[in-house]
Amino acid sequence: EDRDSRGFGGQDRGRSGDEAKMSYSRYRSRSRSVDSSDVENPGNNLFVTGLSSRLTDRDLEKHFSTEGEVIDASIVLDPWTRESRGFGFVTMATLKEAERCIKYLDRSVLEGRVITVEKILLTAAG
């Protein structure tokens, strides 16, 4: 079987090749829309794993707001099914609040699942 016939690269699901490529391109451009000023992580961006499929962005925000001001909370969805992929990202207002989240929320229970909370390590490309 070649790569496209298994549905990788956005080439399956009953769409014509051009249609699938357009859809895949739009998805990729959204996921990679990082402006150059965001490349360095000041330490307040967190990676969260172990999330329940029932969890919403709002639930995630509420859980993290116990440790400080949440700027953004988003759960990553599968581009085809729109179901949770079980992980997400949370941006706290300050580094201190993010460190509190790592200290107190890592290995905490959310919707019956033990979650992990880690700092995202990004470096400038180049």
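In this predicted model, a polar atom of the Ser52 side chain lies 3.1 Å from the backbone nitrogen of Arg54. Ser52 sits in the loop between β1 and α2. Its relative accessible area is 3%, so Ser52 is buried; the cut-off for that class is under 20%. Beyond its neighbours within four places in sequence, Ser52 is in contact with Ser84, Glu111 and Arg113.

One of these partners, Glu111, belongs to the loop between β4 (109-110) and β5 (113-114). Glu111 has a relative accessible area of 39% and is therefore partly exposed. Its backbone also stands out. Most residues other than glycine have a negative phi. Phi of Glu111, however, is positive, near 55 degrees. Arg82 also has a positive phi, near 65 degrees. Arg82 is found in the loop between β2 and β3.

The nonpolar core comes next. In soluble globular proteins, nonpolar side chains tend to be buried together. The largest nonpolar core here has 17 residues. Leu51, Leu60, Phe64, Val90 and Met92 have the most contacts inside this core. Both helices and strands contribute: β1, α2 (57-64), β2 (70-77), β3 and α3 (95-105) each supply at least two of the core residues.

Leu51 illustrates these links. Residues up to four places away in sequence are again set aside. Leu51 then touches Leu60 and Ile75. Its other contacts are Gly86, Phe87, Gly88, Leu110, Arg113 and Ile115. Arg113 is thus a contact of Leu51 and also of Ser52.

Aromatic rings were examined across the whole structure. The search finds three aromatic pairs. In one of them, Phe47 and Phe89 have ring centres 5.5 Å apart. Their planes meet at 40 degrees, so the pair is tilted. An angle under 30 degrees would count as stacked, and one over 60 as edge-to-face. This pair links distant parts of the chain. Phe47 lies in strand β1 (residues 45-49) and Phe89 in strand β3 (residues 84-92), 42 residues apart.

Both rings belong to partly exposed residues. Phe47 has a relative accessibility of 24% and so counts as partly exposed. Phe89 falls in that class with a relative accessible area of 31%. Ring pairs also bring in Phe87, which joins Phe47 and Phe89 in a cluster. Phe87 is, in addition, among the residues that Leu51 touches.

Terms used
Residues numbered from 1 in each chain as written. Predicted model: local features only at pLDDT ≥ 70, side-chain atom pairs only at ≥ 80, totals over all residues. Heavy atoms only, no water. Phe/Tyr/Trp six-rings, centres within 6.5 Å; stacked < 30°, edge-to-face > 60°. Helix = DSSP H or I, 4+ residues; strand = E, 2+ residues; numbered from the N terminus. Buried < 20%, exposed > 50% of the residue type's maximum accessible area, 1.4 Å probe, protein only. Core = buried A, V, L, I, M, F, W, Y, C linked by side-chain atoms within 4.5 Å. Contact = heavy atoms within 4.5 Å. Polar contact = N/O pair within 3.5 Å; in protein donor to acceptor, adjacent residues only side chain to side chain.
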